[in-house]
Amino acid sequence: VGPMFSIAAAFGNVHGVYKPGNVVLSPERLLKHQAYAKEKIGCEDDKPIYLVMHGGSGSTDEEIKTAVKAGVIKMNIDTDTQWAYWDGLRAFEKEKHDYLQGQIGNPTGADKPNKKFYD
C-alpha cells in the first residue's frame, strides 16, 4: 500500500438516482472511522485515512462539508455530471434544431453552412 492509499468507506452513500429522502447519508460516521484508525495505527494525524466519497451525486452542501471535514479528499459525482452535460446538450439541440440537420442548409438558406452550430 502506498502513502496515498485511499478508501471509499460506506456511510449510506449509493450510486444512481433516487427520489429525495430515500438516501440517508451519515458522513459523521467518517469521523469515527478516522478516530478508530488513528488509535489502531498509533498515528498523530487526526485524519490518517484518505477517504473517497462514492455516490456523491445529489448530496446536500451540508453532507459534503461534513464529509470533507472528516477527511474526504475525492468525491465521485458522475450522475450529476452526466445529467448536467446531457441537459445542456438537450437544450442547445432544441434551440438550434434546424441548424443541426446537416452540414449545409438551414432556415437562413439552402446553401448556408452550419459548422458554427456544432463546432
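In this predicted model, 3 strands come together as an open sheet, arranged in the order 1-2-3 with parallel pairing. Strand 1 (6-7) and strand 3 (72-75) form the edges of this sheet, each of them pairing on one side only. Strand 2, covering residues 50-53, meets strand 1 in the parallel sense, and 2 bridges connect the two. One contact is worth picking out for anyone following along in the viewer: I7 has L51 of strand 2 as its bridge partner. As a general point, side chains in a regular strand alternate between the two faces of the sheet.

A second pairing involves strand 4 (residues 104-106) and strand 5 (residues 109-113), which run in the antiparallel sense and share 2 bridges. Here I104 finds its bridge partner in P113 of strand 5. The link from strand 4 to strand 5 is a hairpin of 2 residues, and T108 sits in this loop. With a relative accessibility of 53%, T108 counts as exposed, because the cut-off for that class is over 50%. The C-alpha atoms of T108 and D78 lie 39 Å apart in space, with their positions 30 residues apart in sequence.

Helix 1 (residues 29-41) offers a neat geometric check. For its 13 residues, a rise of 1.5 Å a residue predicts a span of 18 Å, and the end C-alpha atoms are 19 Å apart, which agrees. The buried residues of this helix are L30, Q34 and A37. Viewed down the helix axis, these buried residues fall within an arc of 65 degrees, so they line one face of helix 1. On the face turned away from that buried side are the exposed residues K32, Y36, E39 and K40.

A35 also belongs to helix 1. Its relative accessible area is 44%, so A35 is classed as partly exposed, a label that applies between the 20% and 50% limits. Along the chain, A35 and D46 are 11 residues apart, and their C-alpha atoms are separated by 6.9 Å.

Turning to the surface, the largest pocket has a volume of about 340 Å³. Its lining comprises 20 residues, and those nearest the pocket centre are Y18, V23, S57, G58 and S59. By class, the lining of the largest pocket divides into 7 nonpolar, 10 polar and 3 charged residues. Helix 3 (residues 78-96) gives the most to this lining, with 3 residues. D78, the residue paired with T108 in the distance given above, falls within the range of helix 3.

Technical notes
Residues are numbered from 1 along each chain as its sequence is written. This is a predicted model: local features need pLDDT of at least 70, side-chain atom pairs count only at pLDDT 80 or more; totals for chains, interfaces and linings use all residues. Side-chain values use heavy atoms; hydrogens and water are left out. Two strands pair if DSSP finds at least two bridges between them. Helices (H or I, at least four residues) and strands (E, at least two) are DSSP runs, numbered from the N terminus. On a 1 Å grid over the protein atoms alone, a cavity is a set of points where a 1.4 Å probe fits but cannot get out, and a pocket is an open set with protein on both sides within 12 Å along at least five of seven lines; lining residues have an atom within 4 Å of a point. Grid points are joined across faces, edges and corners, and a volume is the space filled by probe spheres set on the points. Ala, Val, Leu, Ile, Met, Phe, Trp, Tyr, Cys and Pro count as nonpolar, Asp, Glu, Lys and Arg as charged, and the others, Gly among them, as polar. Buried means under 20% relative accessible area, exposed over 50%, partly exposed in between (1.4 Å probe, protein chains only). The expected span of a helix is 1.5 Å times one less than its number of residues. The arc is that of the directions from the helix axis to the C-beta atoms.
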